[in-house]
Amino acid sequence: MRCSPKMRKRSRSHDQETASVAERESMGADSHRCTDLHKLLQHKPRYRFPPPFVQLPLNGLYFIFDNGQSVHEGFDRIARIGSHTGRNNLVPRLWQHITPHGRSSFRWDIGAAVIRARTKGFELPSMDVWNECDSISRKTAIEDERVGTLDRFETQLSAYIANRFVFSVIGTRDQSEALELEKACIATVAQCPLCKEITTTELQPKKGFLWNAMHTGPRSPRLNDQQLSLLRARAGIGAR
Ligand SMILES: [Zn+2]
């Protein structure tokens, strides 16, 4: 396990050693709950982008996996967790991830990572132009020449996302239930010591290992027993 500077500092005195033990125990519990989540998701079918309309629930949360990568001794690696706003918007939300000039921060972050890495095979716009696209509608101020590059980049990006990622969904009663579970799932994975150890040659987010920006901090509440039971019930899986 990687030892953070914070942990090293805490191990320097007896009192701090106690804190370090407590922290290690806490970290063990974190990975245990994350294992429960990964186990649960192994039962759910995987879909490719673009999302199919007919097979998916109207409301719920989604889990995007890095295709072919594993964590927790063989479970598919979660790369992003999300839900949606508005009623019955789960599938439209998933479509935003492969729609050019859309409202997807997931898509925008991947595009930024591709540009930062000067990834071969892409027709790359400048970061400034890409930043301008991070708005609800494309800025008309972008010059025609740049728009051509941007359009081709957007097409390549959609293909990249469709090729790299797969996803599963868990239907919920409504969007507010999905949102609550989403937050706890993100916190559980983001704080999991086993998930943090992932090594990959694939492009990664600027910060952390999840393509999520919110609810990833150490104080974000993780999945509790009640929420895990609810997730299992919504996923159609009995307690194990
Ligand atoms: Zn984990």
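1. Start with Q42, in this predicted model. Its relative accessible area is 32%, so Q42 counts as partly exposed. You'll find Q42 in the loop between α2 and β1 (47–48). Leaving out neighbours within four places in sequence, the residues in contact with Q42 are G74, F75 and D76. The pairing with D76 is worth a look: a polar atom of the Q42 side chain lies 3.3 Å from the backbone nitrogen of D76. Along the sequence Q42 and D76 are 34 residues apart, yet their C-alpha atoms are 7.5 Å apart in space.

2. Now for the overall layout. The protein has nine helices and four strands, and along the sequence they come in the pattern α-α-β-β-β-α-α-α-α-β-α-α-α. It has 240 residues, of which 46% count as buried. If you take the contacts with a separation of 6 or more, 74% of them are between residues 24 or more positions apart.

3. Which residues touch the most other members of the largest nonpolar core? They are F49, L94, I110, I161, F165 and F167, out of 29 residues in that core. The elements giving two or more residues to this core are β2 (60–71), α3 (90–96), α4 (105–116), α5 (127–132), α6 (144–164) and β4 (165–171). Helix α4 gives the most, with six residues. As background, nonpolar side chains in soluble globular proteins tend to be buried together.

4. F49 deserves its own point. Setting aside neighbours within four places in sequence, F49 is in contact with I64, L94, H97, I98, I161, A162, F165 and F167. Apart from the core just described lies another one, of 28 residues, with L40, I78, C185 and L223 among them. Back at F49, check the backbone too: a cis peptide bond joins F49 and P50, with omega at about 0 degrees. P50 belongs to the loop between β1 and β2.

5. Next, T188. Is T188 buried or exposed? Its relative accessibility is 1%, and under 20% means buried, so T188 counts as buried. T188 is part of helix α7 (residues 175–190). A polar atom of the T188 side chain sits 2.7 Å from the backbone oxygen of A184. Not counting residues up to four places away in sequence, T188 touches R33, C34, R222 and L223.

6. One of those partners, R33, can be followed further. R33 is placed in helix α2 (residues 14–41). You might not guess it for an arginine, but R33 counts as buried because its relative accessibility is 16%, and the cut-off for buried is under 20%. Beyond four places in sequence, R33 touches T188, L223, N224, D225 and L228. L223 therefore turns up in the contacts of R33 as well as in those of T188, and it is also among the residues of the 28-residue core.

7. On to the second largest pocket, which has a volume of about 560 Å³. Which residues of its lining are the closest to the centre? Those are R80, S83, R93, S105 and E182, from a lining of 22 residues. At least two lining residues come from each of β3 (75–82), α3, α4 and α7. By type, the lining divides into eight nonpolar, nine polar and five charged residues.

8. Last, two backbone spots to look at. E73 is not a glycine, but its phi is positive, at about 55 degrees. E73 lies in the loop between β2 and β3, and with 85% relative accessibility E73 counts as exposed. N88 is not a glycine either, and its phi is positive at about 60 degrees. N88 lies in the loop between β3 and α3. How accessible is N88? At 31% relative accessibility, N88 counts as partly exposed.

Definitions and conventions
Residues numbered from 1 in each chain as written. Predicted model: local features only at pLDDT ≥ 70, side-chain atom pairs only at ≥ 80, totals over all residues. Heavy atoms only, no water. Buried < 20%, exposed > 50% of the residue type's maximum accessible area, 1.4 Å probe, protein only. Polar contact = N/O pair within 3.5 Å; in protein donor to acceptor, adjacent residues only side chain to side chain. Contact = heavy atoms within 4.5 Å. Core = buried A, V, L, I, M, F, W, Y, C linked by side-chain atoms within 4.5 Å. 1 Å grid on protein atoms, 1.4 Å probe; cavity = no way out; pocket = protein on both sides within 12 Å on 5 of 7 lines; lining within 4 Å. Points joined across faces, edges and corners; volume = space filled by probe spheres on them. Nonpolar A, V, L, I, M, F, W, Y, C, P; charged D, E, K, R; others polar.
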